[in-house]
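Q: I'd like to learn how to read a model like this one. Could you walk me through it, beginning with the ligand?

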Amino acid sequence: MFGVRNGPPTASAAKAGGAGATLLSVKRVALLGATGSIGRQALEIVRADPALELVAATSGSQPIDGLAPHTQVGGDPTELLERSHPDVVLNAVVGFAGLPATLWALERGITLALANKESLVAAGELALAARERGGGLLLPVDSEHSAAFQCLEGRTPETVATLVLTASGGPFRGLTRADLEGVTVEAALAHPTWRMGPKITIDSATLANKGLELIEAHFLFGLDYDRIQVVVHPTSTVHALVWFRDGAALAHVGHPDMRVPISYALTYPERAATPVAPLDLAAGLTLEFAAPDEDTFPMLGLAREAGERGGTYPCAYNAANEVAVAAFFEGRLPFLGIADVVDRALASVDGSPAGDLAELVEADAEARRAAQSVLEPVA
Ligand SMILES: NC(=O)c1ccc[n+]([C@@H]2O[C@H](COP(=O)([O-])OP(=O)(O)OC[C@H]3O[C@@H](n4cnc5c(N)ncnc54)[C@H](OP(=O)(O)O)[C@@H]3O)[C@@H](O)[C@H]2O)c1
């Protein structure tokens with residue numbers, strides 16, 4: 001059964017009886033990456049909900065003094081997490097740097113609200129083994145995966161035919177490789193439907209984000225890659241859709257607004273109110289879908305290949321992408337070079353499975369070295 005096999009959350013807004021009194025047991029939230037796009041929206045959700053209490057917050061480099069009783073800038077947050085006793089950890093760090101917190105929460109059975117997809121992509125098997133030992137909840141915050149989680153909850157895997165992840169197509173949808181020669185960072189950052197941090201916005205423009213999400217979905221829902229389809233859906237109204245074996249589909253629809261999946265993960269299973277309005281269906285709604293253009297945007301196919309090969313190939317895909325995106329930001333690599341660097345780095349790494357965290361960290365480092373060495377001649 002999807003979604004429920006690890007039991008209820010550790011602390012929910014439970015009601016205690018007695019003379020009609022209602023006691024809210026407040027959920028203690030640790031917010032990692034509090035200064036980012038997800039982090040700031042999560043703060044809004046937490047501040048508006050008396051059943052949520054911010055007990056810890058971190059950032060990478062920006063000051064966050066006074067934001068929460070326990071704060072930390074940079075470094076490994078696991079000691080801070082130990083001290084702050086959270087009921088739920090919202091991991092909204094960007095990149096592989098989010099891995100220690102993901103493993104910390106899963107290992108201890110503390111509910112993990114996961115925005116940091118890179119940690120699950122890089123360390124899928126280790127993360128799932130930690131979740132198995134810890135027995136806690138892993139709640140996706142990525143909008144597509146939150147949507148899929150809700151469509152799949154309570155279903156058995158054999159009833160699912162295909163999970164469909166939707167992609168907006170990013171700012172360069174419909175363009176050719178020739179059009180993409182020399183596109184600027186500013187153009188790549190102009191996402192049509194989502195306002196997000198810079199790295200994920202570039203990942204959306206290359207379709208690497210959908211590649212990461214494909215691998216993330218594989219690990220979250222235990223579906224083989226041939227049962228996960230990606231389609232382009234420019235308005236991002238349908239966040240995910242699941243086809244069942246009887247020919248019926250369940251879809252999750254709404255405005256593209258990350259406060260909805262953030263709130264869902266933080267308040268699960270209650271589903272608190274948010275300020276996000278429903279779609280105005282009476283005003284008309286047109287849903288458009290198309291196959292992704294994998295020739296122009298090879299990062300999606302590379303992700304599928306890395307995922308199917310397994311081992312540490314997904315880790316290498318993520319690491320090489322992080323290096324290539326950083327080089328694009330620094331003006332050392334053209335937009336089309338991102339996929340070239342990842343492709344060539346994947347071809348040169350070992351890719352064998354990591355038995356433990358040390359081996360995974362080494363696989364990540366190997367892929368970064370491979371990407372750097374490809375990058376130098378390319379740049
Ligand atoms: N934004 C979205 O709508 C969205 C949607 C779905 C999934 N996600 C995922 O959510 C995660 C966060 O995305 P975002 O868009 O919120 O990114 P973002 O705006 O760039 O924010 C990243 C956060 O992580 C912190 N950080 C950066 N490097 C760090 C490090 N080495 N150690 C600890 N903290 C570090 C940053 O702190 P500083 O500010 O101090 O640098 C910031 O608080 C990503 O994995 C992304 O893929 C985002």
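A: Sure, let's start with a polar contact, meaning a pair of N or O atoms within 3.5 Å; within protein, one must be able to donate a hydrogen and the other to accept it, and residues adjacent in sequence count only if both atoms are side-chain atoms. Here a polar backbone atom of G197 sits 2.8 Å from an oxygen atom of the ligand. The protein buries 84% of the 900 Å² that the ligand exposes when taken alone (Shrake-Rupley method, 1.4 Å probe). This is a predicted model, where local features need pLDDT of at least 70 and side-chain atom pairs count only at pLDDT 80 or more, while totals for chains, interfaces and linings use all residues. Residues are numbered from 1 along each chain as its sequence is written, and side-chain values use heavy atoms, with hydrogens and water left out.

Q: Which residues come nearest to the ligand?

A: A residue is near a molecule if one of its heavy atoms lies within 4 Å of it. There are 24 residues around the ligand, and T35, G60, S61, Q62 and E118 come nearest. For S61, a polar backbone atom is 2.6 Å from a ligand oxygen.

Q: Is S236 buried or exposed?

A: Buried means under 20% relative accessible area, exposed over 50%, and partly exposed in between (1.4 Å probe, protein chains only). S236 is buried, at 4%. Leaving aside neighbours within four places in sequence, S236 is in contact (heavy atoms within 4.5 Å) with S168, T193, W194, G254 and P256.

Q: How many salt bridges does the structure hold?

A: A salt bridge is a side-chain nitrogen of Lys or Arg within 4 Å of a carboxyl oxygen of Asp or Glu. The structure holds 14 of them. One joins the side chains of E82 and R108, at 3.2 Å from N to O. E82 lies in helix α2 (residues 78-84) and R108 in helix α3 (residues 99-108), so this pair ties together parts 26 residues apart in sequence. Helices here are DSSP runs (H or I, at least four residues), numbered from the N terminus. E82 is partly exposed at 39%, and R108 is partly exposed at 41%.

Q: What about D364 and R368, where do they lie?

A: Both lie in helix α15 (residues 357-378), four residues apart, about one turn of the helix. Their closest N and O atoms are 2.8 Å apart in a salt bridge. D364 counts as buried at 5%, whereas R368 is partly exposed at 23%.

Technical notes. Helices (H or I, at least four residues) and strands (E, at least two) are DSSP runs, numbered from the N terminus.
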